[in-house]
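User: Could you take a close look at the side-chain links here and walk me through them in one go? I'd like to know what each link joins and how well covered its partners are.

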Amino acid sequence: MTDHQQRIHPVVDVEAPAPSTPLVPHGSATSEKGSPIQQRPLQRTIPVRPPPPPPRKRSCCCKCICWTVSLIVVLLIILGATIGILYLVFRPQLPKYSIDSLRISDLRLNFDMTLYAKFDVKITANNPNKKIGIYYEKGGRLSVWYTNSKLCEGSLPKFYQGHQNITKLDVVLTGQTQSGSTLMSALQEQQQTGQIPLDLKVHAPVAVKLGKLKMRKVKILGECKLVVDSLSANNIISIKASNCKFRLKL
């Protein structure tokens, strides 16, 4: 062995082919065995917005309702204005009535135990209106009641009452009432007190005349609470108290 040891260097074969390395495309991955896994290219998804809904169209029914409501409101306004103008021009007032006298022509028990009554009533009708006339139409009724029993009834005459006119009416009332004996006993007992309550009820269909215009029919309903001293036949009855109230019914 010499002083200088010979060093052995590996010999590199320049001409030997380099180890083949599988080519992996950029952006791909390899499996555990080293084989490349093909990846699909990334696709960008763009959201598509649905088209906006078409504007709602009002149906014909909705339009008809709106027009009808508007027309009714306008008509009510016109009607209210007309009534207000007529009231300011004519200043309407209810007619006034009073009972002047009450006379009993007949009051007796029949053989069938019904009570027959015949009253003569004188009434004053006063129309205080300056520009309004009143037509009293056919069908007016006047009746006399004791408690809940109708004693007699008669018809009001048909006539026209002019402006600021006072008319005297003479109305004959007749009637028959069931359970006459019981009713007669109650009347005789009440007569001993000298105060007999009677109700006189009025039902009069009338038509109002404004200038030359005759309006539709309305009803005058009234009630007079009377207190008389006696129910003796063929005598004029003294009316001790009278309270009358009237109203108009369309």
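What follows is a tour of the side-chain links, with a stop at the annotated helix on the way.

Analyst: Some ground rules before the tour. This is a predicted model, so to speak of a local feature takes a pLDDT of at least 70 and a side-chain atom pair counts only at pLDDT 80 or more, while totals for chains, interfaces and linings use all residues. Residues are numbered from 1 along each chain as its sequence is written, and side-chain values use heavy atoms, with hydrogens and water left out.

Let's start with sulfur. There is one disulfide in the structure, a disulfide being a pair of cysteine sulfur atoms within 2.5 Å. Cys224 and Cys244 make it, with 2.0 Å from S to S. The torsion about their S-S bond is about 115°, so the disulfide is right-handed. Cys224 sits in strand β11 (residues 213-228) and Cys244 in strand β13 (residues 239-249), so the bond ties together parts that are 20 residues apart in sequence. The strand and helix labels are DSSP runs numbered from the N terminus: H or I over at least four residues for a helix, E over at least two for a strand. The two cysteines aren't equally covered: Cys224 is buried at 1% relative accessible area, whereas Cys244 is partly exposed at 26%. Buried here means under 20% relative accessible area, exposed means over 50%, and partly exposed is in between (1.4 Å probe, protein chains only).

Cys62, on the other hand, is in no disulfide, and the nearest cysteine sulfur, that of Cys66, is 4.3 Å away. Cys62 counts as partly exposed at 34% relative accessibility, and so does Cys64 at 49%.

Cys62 brings us to the helix. An unreviewed UniProt entry annotates residues 67-90 as "transmembrane region"; its positions are in the numbering used here, its feature names are shortened, and such annotations may be inferred rather than shown by experiment. In the model that span is 100% helix and 0% strand, with its end C-alpha atoms 34 Å apart. Ile65, Val69, Val73 and Ile77 form a nonpolar surface patch with about 360 Å² of accessible area together. Patch members need over 30% relative accessible area and no salt bridge; nonpolar side chains (Val, Leu, Ile, Met, Phe, Trp, Tyr) are joined within 5 Å, like charges within 9 Å. The areas come from the Shrake-Rupley method with a 1.4 Å probe, and for residues only the protein chains shown count as cover. Ile77, one of the four, is in helix α1 (residues 60-90) and is exposed at 56% relative accessible area.

Now the rings. You'll find three aromatic pairs in the structure, where rings of Phe, Tyr and Trp (its six-membered ring) pair if their centres lie within 6.5 Å; planes under 30 degrees apart are stacked, over 60 edge-to-face, and the rest tilted. For Tyr135 and Tyr160, the centres are 4.5 Å apart and the planes at 45°, so that pair is tilted. Tyr135 is in strand β5 (residues 132-136) and Tyr160 in strand β8 (residues 159-161), 25 residues apart, so to speak of distant parts of the chain being linked is fair. Both are partly exposed: Tyr135 at 24% relative accessible area, Tyr160 at 36%. Tyr136 and Phe159 pair up as well, and theirs is a stacked pair: 4.5 Å centre to centre, 10° between the planes. This pair also links strand β5 (Tyr136) with strand β8 (Phe159), 23 residues apart. Here both Tyr136 and Phe159 are buried.

Charges come last. A salt bridge is a side-chain nitrogen of Lys or Arg within 4 Å of a carboxyl oxygen of Asp or Glu, and the count comes to nine. One of them joins Asp100 to Lys168, with the closest N and O atoms 3.5 Å apart. That bridge links strand β3 (residues 96-109), home of Asp100, with strand β9 (residues 165-177), home of Lys168, across 68 residues of sequence. Asp100 is partly exposed at 40%, while Lys168 is exposed at 61%. Another bridge joins Arg108 and Asp106, with the closest N and O atoms 2.0 Å apart; Arg108 is partly exposed at 38%. Lys122 bridges to Asp170 with 3.1 Å between the closest N and O atoms. Lys122 is in strand β4 (residues 115-127) and Asp170 in strand β9, 48 residues apart. Lys122 itself is partly exposed, at 40%. Finally, salt bridges with shared partners join Arg141, Lys150 and Glu153 into one network.
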